[in-house]
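Please read these comments alongside the coordinates. They deal with a protein interface and a protein–DNA surface.

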Number of protein chains: 2
Amino acid sequence: MNVTIYDVAREANVSMATVSRVVNGNPNVKPATRKKVHEAIERLGYRPNAVARGLASKKTTTVGVIIPDISSIFFAELARGIEDIATMYNYNIILSNSDQNKEKEIHLINTMLGKQVDGLVFMGGDITEEHRQEFRNASVPVALAATLDESGETPSVNIDYEDAAYEATDLLLSHSKRVAYVSGPDNTSINTKKLDGYKKAMKEHGQGVDDQLLIVGDYSYDSGKEAAEQLLDLEERPSGVFVASDEMALGVIHGFQDSGVRVPEDVEVFGFDNTRLATMIRPTLSTVVQPMYDIGAVSMRLLTKLMNKEEVEETNVILPHRIIERNSTNAE
Amino acid sequence: MNVTIYDVAREANVSMATVSRVVNGNPNVKPATRKKVHEAIERLGYRPNAVARGLASKKTTTVGVIIPDISSIFFAELARGIEDIATMYNYNIILSNSDQNKEKEIHLINTMLGKQVDGLVFMGGDITEEHRQEFRNASVPVALAATLDESGETPSVNIDYEDAAYEATDLLLSHSKRVAYVSGPDNTSINTKKLDGYKKAMKEHGQGVDDQLLIVGDYSYDSGKEAAEQLLDLEERPSGVFVASDEMALGVIHGFQDSGVRVPEDVEVFGFDNTRLATMIRPTLSTVVQPMYDIGAVSMRLLTKLMNKEEVEETNVILPHRIIERNSTNAE
DNA sequence: CTGAAAGCGCTAACAT
DNA sequence: ATGTTAGCGCTTTCAG
């Protein structure tokens with residue numbers, strides 16, 4: 001049997017209400033009483049039961065975090081941002097992997113709501129009407145991190161993917177006439193945005209989009225290697241490749257190198273994300289800097305405001321990105 | 001106001017107890033009643049309140065996970081193993097980063113216990129007497145993952161670090177006469193074990209331990225680069241380097257390469273962990289395979305048994321490791 | 001400034 | 001097979 005607030009009350013010769021007050025820092029307690037209570041707490045080794053508190057107060061000070069895969073270097077970085085800010089605001093985090101599987105996602109949303117989380121941070125692929133339905137039903141706020149809701153209905157934090165992809169492609173096009181694009185799995189809106197940016201740059205440089213130059217990967221290192229091999233098989237090889245994630249870009253680079261094709265001399269490669277990987281390879285990777293930690297942090301911060309019912313001017317936050325040129329592309 | 005078990009009971013014309021029974025899958029319910037209740041639940045959109053359930057049953061079906069840094073590729077992999085098995089056994093996870101800071105660790109243990117977790121998975125550096133004190137006080141089981149408790153008192157899952165380090169060094173010594181060791185931050189017991197393994201191999205090969213050959217890093221890529229530079233400054237350079245983590249090994253390799261020293265021709269490098277990084281670099285990294293996912297998974301499985309009060313034959317589990325030779329070392 | 005008492009939503013005996 | 005009834009440990013009016 002654990003010691004309860006009632007035991008403390010008796011030990012200190014006060015009521016439960018008073019103990020509750022000192023535990024919660026309510027100022028309406030005479031210093032002498034406060035001291036008495038603190039001593040009793042100390043003596044008994046009392047530790048408030050957050051579950052009981054949650055039931056009574058209807059606040060659990062925990063938020064749910066749904067993430068595709070915590071072992072991905074990209075999402076892990078996001079998660080760290082989320083957790084740091086959560087800690088800062090005294091929340092704990094219930095973390096679950098969804099593998100971007102819609103059924104799992106819906107299921108997780110529900111178990112987390114069942115656990116009475118005060119809010120939800122969601123990361124995933126596409127937000128469907130079904131997701132929105134669940135979110136509306138939630139009775140607690142939801143924030144999307146690095147995840148797009150086309151309807152704009154769910155608060156979110158992202159960068160401008162299209163713009164970023166445009167800039168990267170444009171830069172490549174400034175010294176490579178023929179540039180390919182290795183995308184993530186089709187059909188998610190972030191992918192579509194990036195592809196749009198690529199196409200826009202191509203168009204501006206007077207190029208049509210050659211389907212041979214469009215390879216669909218799955219963000220993994222291995223799919224990057226495969227993409228490189230496919231590109232190498234083309235009768236007319238690209239001289240530049242824009243890749244939708246750093247890890248996949250790494251695969252592309254090695255795919256080339258393993259076939260004796262030099263990067264950047266023979267072909268330039270441009271990544272996306274700027275994960276720690278980018279400087280941990282040779283050549284170091286030119287890439288789009290996506291502030292993952294910040295996206296996580298800002299989304300959590302946004303959520304705290306929402307949970308607090310504070311006014312939020314902009315619920316669909318776009319964080320700045322930038323381009324960083326390293327050694328996988330040719331300098332001007 | 002959310003719909004409660006009481007509302008469902010009234011809607012279905014049964015008692016709360018019956019509703020509770022069907023929600024919890026208790027077989028003692030007539031199928032017809034069960035159906036009636038399910039319909040009422042559906043109609044009302046009832047979702048059981050896990051907090052209330054937790055208070056009444058004294059089980060929250062959530063476990064706490066304390067991890068040094070979720071954004072580290074090594075720990076993220078462990079975390080995935082933990083979460084997968086937790087999900088399998090219907091537990092959720094409260095995840096917090098400790099940065100291996102003892103104060104934070106102790107604090108986290110306490111807030112998690114306050115939240116009435118059913119158990120705790122702990123990852124960290126050293127387990128001190130203070131940690132043990134907290135664990136004993138916990139009233140719920142604790143399992144260590146990739147973390148040593150010298151006293152053997154806390155259930156844990158690890159590999160044999162000394163043995164692994166011995167094998168790696170021994171292999172290096174079979175074609176390099178002079179091998180250096182780049183360790184993690186001093187003074188944690190895992191580090192000590194690895195160092196012991198290194199020393200043992202050196203001794204067996206008739207070599208004393210040359211302090212110049214012992215570099216202390218912090219597991220990071222950058223500290224690996226620095227270590228390489230230090231090693232290069234030696235009047236008598238090593239021909240092989242054993243490094244305590246893959247990420248740091250990567251740094252060592254690049255430190256060498258950036259100075260025009262070839263790996264493995266001029267110097268061999270051996271890593272530890274076999275994170276995904278190991279095959280994502282050139283040359284690919286020879287390393288000790290530490291089954292991180294499994295360590296996480298097994299520790300969580302162990303914890304479920306402990307929470308279930310099942311008999312556990314061995315509470316200090318040692319998982320097998322192995323050596324994998326890739327291209328950062330010379331073949332026989 | 002402090003206490004009494006009524007829940008919060010559910011589980012778990014104990015009856016029936 | 002189903003209902004009744006205490007709590008679980010805490011917060012929160014409402015009095016005083």
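The points below take the basis of the values, then the protein interface, then the DNA.

1. Basis. This is a predicted model, in which local features need pLDDT of at least 70 and side-chain atom pairs count only at pLDDT 80 or more, while totals for chains, interfaces and linings use all residues. Residues are numbered from 1 along each chain as its sequence is written, chains are lettered from A and ligands numbered from 1 in the order in which they are written, and side-chain values use heavy atoms, with hydrogens and water left out.

2. Extent of the protein interface. Chain A and chain B each put 49 residues into the contact (heavy atoms within 4.5 Å). About 4200 Å² is buried between chain A and chain B, 50% of it on carbon and sulfur atoms; buried area is the accessible area (1.4 Å probe) that two parts lose on being put together, summed over both.

3. Polar terms across the interface. Eight salt bridges are found between chain A and chain B (a side-chain nitrogen of Lys or Arg within 4 Å of a carboxyl oxygen of Asp or Glu). One of them joins B:Arg276 to A:Glu247, at 2.7 Å from N to O. Polar contacts link 32 residue pairs between chain A and chain B, both residues at pLDDT 80 or more (N or O atoms within 3.5 Å; within protein, one must be able to donate a hydrogen and the other to accept it, and residues adjacent in sequence count only if both atoms are side-chain atoms).

4. Chain A side. The elements giving two or more residues to the side of chain A that touches chain B include helix 5 (73-88), helix 6 (102-114) and helix 11 (246-258) of chain A. Strand 2 of chain A gives the most, with six residues. Helices (H or I, at least four residues) and strands (E, at least two) are DSSP runs, numbered from the N terminus.

5. Annotated domain. UniProt, in an unreviewed entry, places "domain: HTH lacI-type" at residues 3-57 of chain A; positions are in the numbering used here, feature names are shortened, and annotations may be inferred rather than shown by experiment. That span is 69% helix and 0% strand, with its end C-alpha atoms 20 Å apart.

6. DNA strand D. The strand is surrounded by 27 residues, A:Ile5 and B:Arg21 being among the closest (a heavy atom within 4 Å). Helix 4 of chain A supplies the largest share of this surface, four residues. A side-chain N or O atom of B:Thr33 is 2.4 Å from a phosphate oxygen of DNA strand D, whereas a backbone N or O atom of B:Ala56 lies 3.2 Å from a base oxygen.
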